[in-house]
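Biologist: I would like to go through this model with you one question at a time, with each term pinned to its cut-offs as we meet it. Shall we begin once the structure is in front of us?

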Amino acid sequence: MPKNKVCLWYEKDAEAAASFYAEIFPDSAVTAVQRAPGDYPAGKAGDVLIVEFTVFGIPCIALNGGPEFRKSEAFSFQIATDDQAETDLYWNAIVSNGGEESVCGWCKDKWGLSWQITPRTLTEALAAGGEEAKRAFEAMMQMRKIDVAVIDAARHGN
């Protein structure tokens, strides 16, 4: 058992969210579902309380804690993609399942969790620094879902 896990708060759909992530991302799975042993402020005895799962191998816990706390962009998963097909796959899965687009490669799933779907070419361009980083950054600032071909063209000054 890992010493550290990411804990995500859900109003009541922890199991559905964890199952969705396990379906779309490789090296992801729901590993345990724990039910409440008694009544609690957000539910009753027997309700799903905690769901243990992994996203790309990262251990997580989803907690059905009720409506008290909301998610924000201050926490997100960043998924590094290898090409446009992989970028499209994850972006479209999240957005088309009740999620919403944001800017610069960010989107939210239908439970309000933010995701950065980030092609490696963008990360590499920003790490390169200088004019290459500036051109790639300026191109990215105009996008919602990242367009790999546009980033690659910007990297090379085209």
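Biologist: Is Glu73 buried, exposed or partly exposed, and at what relative accessibility?
Modeller: The classes rest on relative accessible area, where buried means under 20%, exposed means over 50%, and partly exposed is in between, with a 1.4 Å probe and protein chains only. On that scale Glu73 counts as partly exposed, at a relative accessibility of 41%.

Biologist: What pLDDT do local features need in this model?
Modeller: Residues are numbered from 1 along each chain as its sequence is written, and side-chain values use heavy atoms, with hydrogens and water left out. The model is predicted, so totals for chains, interfaces and linings use all residues, whereas side-chain atom pairs count only at pLDDT 80 or more and local features need pLDDT of at least 70.

Biologist: Which residue meets Glu73 in a salt bridge?
Modeller: A salt bridge here is a side-chain nitrogen of Lys or Arg within 4 Å of a carboxyl oxygen of Asp or Glu. Glu73 has such a pairing at 2.8 Å, N to O, and its partner is Lys108. The two link distant parts of the chain, 35 residues apart, with Glu73 in the loop between strand 4 and strand 5 and Lys108 in strand 7, residues 106–108; helices (H or I, at least four residues) and strands (E, at least two) are DSSP runs, numbered from the N terminus. The partner, partly exposed at 21% relative accessibility, is thus Lys108.

Biologist: How many residues apart in sequence are the parts that Glu52 and Lys5 tie together?
Modeller: The side chains of Glu52 and Lys5 meet in a salt bridge at 2.9 Å, N to O. Because Glu52 lies in strand 3 (residues 48–55) and Lys5 in the segment before strand 1 (6–10), the parts that the pair ties together are apart in sequence by 47 residues.

Biologist: Which of the two residues in that pair is buried, and at what relative accessibility?
Modeller: Lys5 is partly exposed, with a relative accessible area of 23%. Its partner falls in the buried class, and this is Glu52, at 16%.

Biologist: Why is strand 3 described as largely enclosed, and how many of its residues are buried?
Modeller: Strand 3 pairs with strand 2 (residues 29–35) in the antiparallel sense over six bridges, and with strand 4 in the antiparallel sense over six bridges, where two strands pair if DSSP finds at least two bridges between them. The bridge partner of Val30 in strand 3 is Phe53, while Thr54 stands opposite Pro59 in strand 4. Strand 3 is largely enclosed by the rest of the structure because its buried residues number seven of eight.

Biologist: Which strands stand at the edges of the sheet?
Modeller: The open sheet has four strands in the order 1-4-3-2, with mixed pairing. Each edge strand has a single partner strand, so one side of each is left without a neighbour in the sheet, and the strands concerned are strand 1 and strand 2.

Biologist: What angle does the direction of helix 1 make with that of strand 3?
Modeller: Ala29 stands opposite Thr54 in strand 3. Helix 1 packs on the sheet, touching strand 1, strand 2, strand 3 and strand 4, where contact means heavy atoms within 4.5 Å. Axes are lines fitted to C-alpha atoms, for helices over the stretch in contact, and angles run from 0 to 180 degrees between N-to-C directions. With that convention, the direction of helix 1 makes with that of strand 3 an angle of about 15 degrees.

Biologist: Which element gives the most to the largest nonpolar core?
Modeller: A nonpolar core is a set of buried Ala, Val, Leu, Ile, Met, Phe, Trp, Tyr and Cys residues joined through side-chain atoms within 4.5 Å. The largest has 27 residues, and those with the most contacts inside it include Tyr10, Phe53 and Trp115. Elements that give two or more residues to this core include strand 3, helix 2 (84–96) and strand 8 (114–119). The element that gives the most, with six residues, is helix 1.

Biologist: Which side chain joins that of Gln116 in a polar contact?
Modeller: Gln116 has its place in strand 8 and is buried, with a relative accessible area of 16%. A polar contact is a pair of N or O atoms within 3.5 Å; within protein, one must be able to donate a hydrogen and the other to accept it, and residues adjacent in sequence count only if both atoms are side-chain atoms. At 3.2 Å, the side chain that joins that of Gln116 belongs to Gln78.
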